[in-house]
Amino acid sequence: MTALSETKRYQAYPEYKDSGIEWMGDIPNEWVTIPVGRLYSRTKRTGHSEKELLSVYRDYGVIPKSSRDDNNNKESDDLTPYQLVQPNDLVMNKMKAWQGSIAVSEYEGIVSPAYFVYEPREKLFELAHPRYVHYLLRNPIYITQYMSRSKGIRVNQWDLDPDEFKTIELLLPSKDEQNKIFEFLDHETAKIDTLIEKQQQLIKLLKEKRQAVISHAVTKGLNPQAPMKDFGVEWLGEVPEHWVISPLKLYISTRKGVAFKSADFCDSGIKVVKASDIKQKTIREPNIFLPTNFVNDFPNAVLNAGDIVLSTVGSAPEVKNSAVGQIGMVPNHLAGSLLNQNTVIFTPRNNLLSQNFLFYLIQTGMYRDHLDLHAHGTANQASLNVADMLNFMFAMPSYKEQLDIVSYIEISNLHFDKLENQCSNAITLLAERRTALISAAVTGKIDVRSWQAPISEYQAMEQTA
């Protein structure tokens, strides 16, 4: 079911009128508009460093920073300038409002000094429910307004001017109608969120299964009937007895990235891969460049397609999603790029070790544990010594068996890719349905005044008892 067909399940209002606002169009007859500035005033309450840290998320609204493990922005050592947020306050990340980072808070806490905090005026409570305003200000037609009214040289540095923001008109039905709308949306979006969460859990399970397949294949082989032997290496356990137990350093040569001068970086030229670009077994598109002649000046830093690159710095292992020792393989389109400092390239030095087998080997949990064990430094800046990275005992099958294992893993990965893509597509469609439903309800495209929350199974049992 498409997002559009989802909204067609509901009736429109019997009569509409011209709102008089070009970007808003027609609205239900009884609805009114009122500028943000008449309902909210900007405030800046500081000196509450003991309060809980909050963040504004495009997808989740205002929530405690500690409730998510994907926010790696480090707060300041001095929280005194952070701003107090109280329930019903409107909070905006002024540089990301055009992406939807604006919400009404249900929590008390503090946010970055870079945010805008708006306190509700008394008139707000006369005319509106904060919960309704929360839905209203986060729907696409409003986000488009934040984008058109933001200014700046670069997209990621656009600011929404507070004087512009306060002139934006809020679309308000009666308070009773608002109440019905946000009850309807709370109920319907909760159902959609549950479905999204199930798909996300399935993706997580598929990733775990994928990792288990890789780990078993490169440490136990493909033949379940092969005689096994314990060679006394604790993390290996039993491996096929014909495999060779060796340290990685016997089979790998390395090249380190170069500490280029920041003054040499420019806006175009040769792409430069940084340690922070290596994430989740991939290498993201670089955003810094060096002059083209640097390829000749630093030949050992030039990347080839298929090179295995590891970061040697990062956060400590206990910090999720950004730990030291991230791994990636250079894709074709990044061949010819330059490698920045705090990185190392692993290259098999002979025909005994397959490049792809090595790539899967260093993805295993046992190699991850090895890197974590040898990481040293602080939580904010841990590092690895290349000698330690190579001082890892592994079991090596014959070259032909390595190729068979790689082929098996690649076929398995195609299967996992297909299933994960199906889950991702389902999440996209559900998110679109959620957005369309919210937008249709808060802009009066659908009439939910007669909507009633379905009777729960428990309530139904009580009624028939």
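Q: How many salt bridges does a search of the whole structure find?

A: Good place to start. Keep in mind that this is a predicted model. The general idea is that side chains of opposite charge can pair when their charged atoms come close. In this structure, the search turns up 21 salt bridges.

Q: Let's take one. Which residue meets aspartate 186 in a salt bridge?

A: Arginine 131 does, with 2.9 Å from N to O. To read such a pair, look up where each partner sits. Aspartate 186 belongs to helix H6 (residues 175-220) and arginine 131 to helix H3 (residues 130-137), so this salt bridge ties together parts that are 55 residues apart in sequence.

Q: Are those two side chains buried or exposed?

A: In between, as it happens. Aspartate 186 is partly exposed, at a relative accessible area of 28%, and arginine 131 is also partly exposed, at 28%.

Q: What does aspartate 307 pair with?

A: Its side chain meets that of arginine 255 in a salt bridge, at 3.1 Å from N to O. Here a loop is joined to a strand: aspartate 307 lies between helix H7 (294-297) and strand S23 (308-311), while arginine 255 is in strand S18 (residues 252-256), so the pair ties together parts that are 52 residues apart in sequence. Aspartate 307 has 6% relative accessibility and counts as buried, because the cut-off for buried is under 20%.

Q: Where do arginine 368 and aspartate 372 sit relative to each other?

A: Both are in helix H9 (residues 365-374), four residues apart, which means about one helical turn separates them. Their side chains form a salt bridge of 2.8 Å, N to O. Arginine 368 is partly exposed, with a relative accessible area of 23%, and aspartate 372 is partly exposed too, at 24%.

Q: Which residues are linked in a network of salt bridges?

A: Lys207, Arg210, Asp417 and Glu420 are linked in this way. When you view them, display the four side chains together.

Q: Let's turn to cysteines. How many disulfides does the structure hold?

A: Zero. You can still ask how accessible a given cysteine is. Cysteine 266 is partly exposed, at 30% relative accessibility, whereas cysteine 423 is buried, at 3%.

Q: How should I read a sheet? What is the strand order in the open sheet of three strands?

A: Read across the sheet from one strand to its neighbour. The order is S24-S29-S28, and the pairing is antiparallel. Strands S24 (313-314) and S28 (376-377) are at the edges and have a single partner strand each, so one side of each lacks a neighbour in the sheet.

Q: What joins S24 to S29?

A: Two bridges join S24 to strand S29 (residues 382-383), and these strands run antiparallel. For glycine 314, the bridge partner in S29 is alanine 382.

Q: One last residue. Is glutamine 178 buried or exposed?

A: Buried, with a relative accessible area of 0%. Glutamine 178 is placed in helix H6, the helix that also holds aspartate 186.

Q: What does the side chain of glutamine 178 reach?

A: It reaches the backbone oxygen of proline 173, at 3.0 Å. For the wider surroundings, leave out residues up to four places away in sequence: glutamine 178 then touches Leu127, Ala128, His129, Tyr132, Leu172 and Pro173. Proline 173 therefore appears twice, as a polar partner of the glutamine 178 side chain and among the residues that glutamine 178 touches.

Notes: Residues are numbered from 1 along each chain as its sequence is written. This is a predicted model: local features need pLDDT of at least 70, side-chain atom pairs count only at pLDDT 80 or more; totals for chains, interfaces and linings use all residues. Side-chain values use heavy atoms; hydrogens and water are left out. Two strands pair if DSSP finds at least two bridges between them. Buried means under 20% relative accessible area, exposed over 50%, partly exposed in between (1.4 Å probe, protein chains only). A disulfide is a pair of cysteine sulfur atoms within 2.5 Å. A polar contact is a pair of N or O atoms within 3.5 Å; within protein, one must be able to donate a hydrogen and the other to accept it, and residues adjacent in sequence count only if both atoms are side-chain atoms. Contact means heavy atoms within 4.5 Å.
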